[in-house]
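Q: Could you take me through the ligand site in this one? I'd like a close look at what sits around the ligand and which atoms pair up.

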Amino acid sequence: MRKTFIEMLTMSAFVNLVALAVPVFTLQVYDRVIFNAGLSTLQGLAIGVVLAVLFDYAIRQSRARIMQTVALRVDADVGKRLFDKVTSLPLLHLESQTSGYWQSIFRDVDLVRNTLSGAPAILIADLPFTIIFFVIILTIATPVVPVLIVIWALYLFIAWRSSSVMNAVSQDERAAAQRRDQLIAELINGRTTVKALGLERAMRPLWVNAAAENIERASLRGSKTDNYANIGGSLSMITTVGLTTVGAIAIINQELTMGALIAANMLSGRLLGPLNQLVGTWRVYSSFRDAVNRLGDIFTSESDRIDKEMEMKRPDGEIALQDVSFRYSEDAPNVVDGIRIGIRAGGMHALVGRNGCGKTTLIKLMQGLYKPTSGRVLLDGADVSQFSRRELAEWIGYVPQETVLFAGSVRDNIAYGAPGASDEQVIEAATAAGVHKFIIDLPDGYASEIGEAGRLLSGGQRQRIAIARALVGNPSVLLLDEPSGNLDRQAEEELRETLRALAKDHTVILVTHSPVLLQGCDNLIALDKGKIALAGPAKDILPRLMGGGRPRPAQPAAAEPSPAGKG
Ligand code: ADP
């Protein structure tokens, strides 16, 4: 936006030049008109100054319009790019920060917009032109200049002091506000649980603390701001008194005219006004700088692959993991530990194991949501890290453990899985997920609104819509994480038949503990603490799992790529 800002700077130059009109008018009226009773001069001066004021109004208006285009462009460009950037960040990065943090990142765009397109930007543009006022005072009222220099230095000192103090308190305030907002967001999201279990008693002290901390920081910041603003106000009064006193002595000594002193007083307002405002606005600049830094960090951090390297046809759906290990952070233990397995295209494969043994993590690794710490994940023999997120999402359907739907119609929610999906595709997916009959039974059918996060539906209905959403683009691989958690037995049986039918030409991999679903599986992979404990055809493994309780340690054969695979 450099060009726009240069335009703005040019406008500001005119505004500041025209600002000279009034002091010059005053000087002339006092020194020429009054003493010489020059009414015709007064007439000329008045007409001139009125024209100047009109011109000043016109330029200010166009400067305001330019600033509005800045605001629009920041909103449109930066806002859109931030959305694209945030949604393309790797999942691990997104999960590493709280939701409060991500919300505040979007608020940073507002802060940048308001600073660049509002009074703070105009103030910065005005600052260099204060030199004009200084030069003019120097010319017309030299004796008062030392006063101005002293005051000017004092202002600079205060602005500098306030900047360092305000930086620290503003950051504290922001962090406190973020903690409070985070708590509110959690409370609201979990309102049903909070209400049902009476958690408000436990949460109240947390809220009181967060709110108190927030108020404390805000009032500390407020008192610091007020303090500096008041010092600025006092300095401006001192300026008038100092100028008038020194000026009066100069007038008595006949070194200065009355008009020049009055004009110098007016000009000093123009010279020191921006500095005074600077003291008050400093906090805005430091928040602006922090916001720009935070946005910069986001924009420079690594994204998932966005562009396709080359056009690839839809894969068959063969998945291989080659010595895949993964840990959530440098110093954490491996959650997935040296997994080596091949899963042929087609068929229904189950991942089983105790809570926390790494099944969900493994499912996320399979679809490239996490990058393995070591090892590779192959789809049809090709390393998935070469594919863009969009391609992978198109080829690999995913039904997460916790169903997340969005406000909108049933149709919209299913079609989110493949933007631009036809009605036919949506109905086909809904039928396959066993939810079509339920949907057409609703008063508005596919157009029914499901409420915020699908609240108007039951858990089982939400889950089936999530399954339909995963199916809609006809992916080659279908990953389901505990898909029957909310389903009744009959629905489970229906889902098993649906998945069996899909397994003819899709690779279906599911995490499940449901005996009904396990019965439909061709192969089973049992995990224990991130390692494969057992793997092979379900008919061999299932009796051992059911009978033996906890999976036994890995057998040599299970570690080979093939047991659940090619065979
Ligand atoms: P499962 O699906 O088998 O119950 P998960 O794959 O969800 O297990 O989790 C395996 C382990 O990884 C657990 O010990 C859990 O605490 C840890 N874990 C899961 N997600 C994260 C995360 N986002 N950050 C850090 N640790 C995680």
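A: Sure. The shell around the ligand is made up of Glu95, Tyr328, Val335, Arg354, Asn355, Gly356, Cys357, Gly358, Lys359, Thr360 and Thr361. Keep in mind that this is a predicted model.

By residue class, that shell splits into 3 nonpolar, 5 polar and 3 charged residues. As for secondary structure, helix α12 (residues 359-366) gives the largest share of the shell, with 3 residues.

Now for the atom pairs. On the backbone side, a backbone N or O atom of Gly358 sits 3.0 Å from an oxygen atom of the ligand. Then there's Lys359, where a polar backbone atom is 2.8 Å from an oxygen atom of the ligand. Glu95 brings in its side chain: one of its polar side-chain atoms lies 3.4 Å from a nitrogen atom of the ligand. As for cover, the ligand has 560 Å² of accessible area on its own, and the protein covers 57% of that.

While you have the model open, here's another spot to click on: Asn16, which is part of helix α1 (residues 2-18). Its relative accessibility is 3%, so Asn16 counts as buried, the cut-off being under 20%. The Asn16 side chain makes a polar contact with the side chain of Asp126, at 3.0 Å. Leaving out residues up to four places away in sequence, Asn16 touches Phe129, Phe133 and Arg270 as well as Asp126.

Key: Residues numbered from 1 in each chain as written. Predicted model: local features only at pLDDT ≥ 70, side-chain atom pairs only at ≥ 80, totals over all residues. Heavy atoms only, no water. Near = heavy atom within 4 Å. Polar contact = N/O pair within 3.5 Å; in protein donor to acceptor, adjacent residues only side chain to side chain. Areas by Shrake-Rupley, 256 points an atom, 1.4 Å probe, with all protein chains shown as cover. Helix = DSSP H or I, 4+ residues; strand = E, 2+ residues; numbered from the N terminus. Nonpolar A, V, L, I, M, F, W, Y, C, P; charged D, E, K, R; others polar. Buried < 20%, exposed > 50% of the residue type's maximum accessible area, 1.4 Å probe, protein only. Contact = heavy atoms within 4.5 Å.
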